[in-house]
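Here are my notes on the model you sent round. Please read them with the structure open.

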Amino acid sequence: IPDHITPSPVTDLRLVGGVNATEGRVEIFFNNTWGTICDDSWDFRDAEVVCRYLGFESAIEALSNGYFGAGDPDQPIWLDDVDCFGSENIITSCLTSRFGVHNCVHLEDAGVRCYLSHPLVRLVNGNTEGEGRVEVFHRGSWGTVCDDHWSEIDANIVCQELGFAHAISASGFATFGEGSGTIWLDDVQCDGTETTIFACPNSGWGNHNCLHSEDASAICTAIPVNPNPVQLIDGPSINEGRLQIYYNNEWGTVCDDRWGLDEASVVCKSLGFPGADRDKYLLHDYGLGSGHIWLDDVVCTGEEFFIQDCNHGDIGENNCAHYEDVGLRCLPNTLNIRLVNGDNTSSGRVEVNYNDEEWGTICDDSWDIRDADVVCRMLNFKSAQSAPREASFGDGLGVIWFDDFLCAGDESSLLDCSHAGVKVHNCRHSEDASAVCSMMAVCPDFSQAHGRFRVSNQHFGRYTQDTRVVVACDDGYQPTEGAANVVCLAAGTWSPHMPACSASCPLLTPPDHSSLSTMETTPGLTVTLICNRGYKYNAASSGDRSVVCGFDGQWNSTLGSCEIVLCPSYSSNVTANVRVTVLRGSGTTVGTTLSFSCPDSSHIMGNAVISCLDSGAWNGTVPVCTGAAPTNCPRLALSDHVLVTSQDTSINTVVSFSCDQGPRHLHQHSSFILL
């Protein structure tokens with residue numbers, strides 16, 4: 001037991017070494033020093049006086065022979081041969097030896113065990129028995145605990161002392177209202193191993209530098225911490241998948257032998273869902289697991305907190321393969337929402353009904369316009385005008401479901417936002433959150449760094465339809481993609497882009513044989529490499545055809561390079577008697593034009609002139625020279641109903657075509673010259 005309040009020059013008492021504040025070795029404060037009492041003549045009547053002085057109702061037992069351990073060797077033994085009638089107010093009113101006179105050693109230190117009909121710790125002013133201001137009983141009266149150094153470790157000890165599993169919140173600043181009377185404890189610093197708050201180090205009974213506005217609080221839960229967590233994996237949503245359990249530092253699966261709805265319900269509730277889907281409590285739709293199969297033959301009543309609390313075979317013992325791994329679907333969490341106590345349906349205190357249990361409120365810690373935006377959209381409004389706090393529409397009643405919401409503002413439900421946990425809070429209803437909604441869409445907020453942003457036509461302080469922003473950026477910065485004048489559209493989007501000033505990117509140097517689509521370096525702009533005629537983008541180069549100027553002032557990649565375009569070599573196709581003349585260009589580069597000719601005794605068959613195209617292909621083939629020039633063309637093959645002006649096939653003969661009588665017309669040329 002820690003020190004009492006500093007006593008008057010008379011004496012004071014404390015109990016030391018017991019498992020709680022109701023028992024221990026009796027120590028008495030005299031001459032500014034704590035000392036013990038020898039057990040000579042020590043009996044129940046002496047214990048009664050000690051217990052009543054300390055605020056207990058009576059004594060249970062008087063103990064001797066250093067039952068609660070011997071005092072420190074350098075501690076004095078102040079009293080011996082104590083003999084009380086039992087009605088005295090303090091031990092020094094009893095018959096006793098003079099202070100410091102004894103014939104004892106500390107192995108004879110006296111102790112007591114006292115009776116109290118109520119706990120020594122309680123939680124006051126909460127909405128449930130598991131939350132409230134922490135109060136402790138000492139010297140016959142209830143007092144508070146100051147929040148200096150108060151932590152969840154300390155709150156855990158209080159919760160466990162009251163029969164709860166653990167604490168889910170430890171708060172100060174008189175969260176559950178200011179207490180009255182004595183502030184009994186301050187600077188409580190438990191290490192987590194104590195069985196009572198009275199065993200934790202502190203500044204001493206009544207020693208503090210606090211006001212009641214600093215009273216400490218705790219919120220407890222009866223649900224224990226799962227020593228072997230479970231998870232659902234490989235499912236399409238967070239509420240379904242293959243079941244895994246964590247044991248011995250490894251995740252493993254559960255076999256489906258004897259698996260049913262009760263077993264699935266225990267898993268789902270331990271994961272925070274309302275229960276299991278009655279039609280999908282056993283599925284094999286999520287693939288085969290791997291590693292250990294930790295559990296088999298699981299049988300639950302449905303009332304257990306965790307799956308390992310159910311009957312099952314020895315961990316790791318099974319007659320299963322992974323094709324028998326349990327998969328399941330839990331019922332999704334639901335959240336109904338309403339606005340209460342406002343002037344109309346668009347404003348009021350935010351109240352939620354979680355999983356169809358009961359209506360309750362949301363605490364306003366971290367509550368802002370982004371959280372209210374989500375609330376309003378859930379109620380089919382387009383945005384929030386404001387996010388009032390501190391129970392602006394009156395204190396609610398019942399459970400406080402959530403606290404510490406941190407929404408981005410674009411979520412479809414509050415359940416998609418980060419929060420402290422279901423029923424985890426350090427609040428009272430005087431902190432209930434509210435919302436005022438609007439049918440006007442709101443454009444997203446934007447950073448106003450590195451420039452001047454002139455905003456006009458706002459509504460209720462937000463960027464709504466027709467809000468205009470004119471951007472003037474600082475030196476070295478440019479408007480995103482050059483958009484220096486943007487407007488908020490009815491859909492809640494900025495046009496052409498969200499206003500921003502971003503660092504300009506370094507000037508790009510075009511690679512050899514190329515130019516760029518633009519020399520601008522505006523953030524968000526795409527610049528594309530354009531190769532000169534006769535060159536093409538080199539896909540094997542270490543770079544990209546297009547790069548983007550990032551909002552950090554850096555290009556997202558480097559530019560590639562261009563390579564020359566060449567047509568195939570023609571020399572291997574040139575026969576001995578064909579003469580080649582280069583009319584333009586050189587070799588096989590794009591734009592090269594070749595002319596072919598034959599000796600006077602020969603005739604050229606094929607293209608007399610060919611060129612190398614941009615695609616890297618010749619527009620014709622290398623011709624050949626024949627011994628004699630032809631005198632006639634092949635006889636024409638005529639289609640039905642086609643008439644010809646001449647059947648002559650001599651060179652330079654002109655032949656015309658026409659259709660016979662009827663509604664017909666030529667689909668090709670109406671005349672040819674025979675070459």
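1. Strand β31 (residues 526-531) and β33 run antiparallel and are joined by three bridges. One residue to check is Thr526, whose bridge partner in β33 is Val548. Keep in mind that this is a predicted model.

2. These strands belong to an open sheet of three, ordered β30-β31-β33, with antiparallel pairing. The edges are β30 (514-516) and β33 (546-548). Each has a single partner strand, so one side of each lacks a neighbour in the sheet. From one strand to the next, the twist averages 20 degrees.

3. Now the cores. The largest nonpolar core counts 51 residues. Ile37, Trp42, Val50, Ile91, Val112, Val136 and Trp150 have the most contacts inside it. Helix α1 (residues 44-53) supplies the largest share of this core, five residues. Another core, of 25 residues, lies apart from it. Its members include Val350, Ala372, Cys376 and Cys417.

4. What does Val136 touch, leaving aside neighbours within four places in sequence? Its contacts are Leu120, Val121, Ser141, Trp142, Gly143, Val145, Trp184, Leu185, Ile197, Phe198 and Trp205.

5. Gly55 sits in the loop between α1 and β4 (58-63). Is Gly55 buried or exposed? Gly55 is buried, because its relative accessible area is 14% and the cut-off for buried is under 20%. Not counting residues up to four places away in sequence, Gly55 touches Leu116, Phe137, Arg139 and Gly140.

6. A last distance to check: the C-alpha atoms of Gly55 and Val578 are separated by 127 Å. Along the chain, Gly55 and Val578 are 523 residues apart.

Technical notes:
Residues numbered from 1 in each chain as written. Predicted model: local features only at pLDDT ≥ 70, side-chain atom pairs only at ≥ 80, totals over all residues. Heavy atoms only, no water. Core = buried A, V, L, I, M, F, W, Y, C linked by side-chain atoms within 4.5 Å. Buried < 20%, exposed > 50% of the residue type's maximum accessible area, 1.4 Å probe, protein only. Helix = DSSP H or I, 4+ residues; strand = E, 2+ residues; numbered from the N terminus. Contact = heavy atoms within 4.5 Å. Pairing = 2+ DSSP bridges. Axes fitted to C-alpha atoms, helices over the stretch in contact; angles between N-to-C directions.
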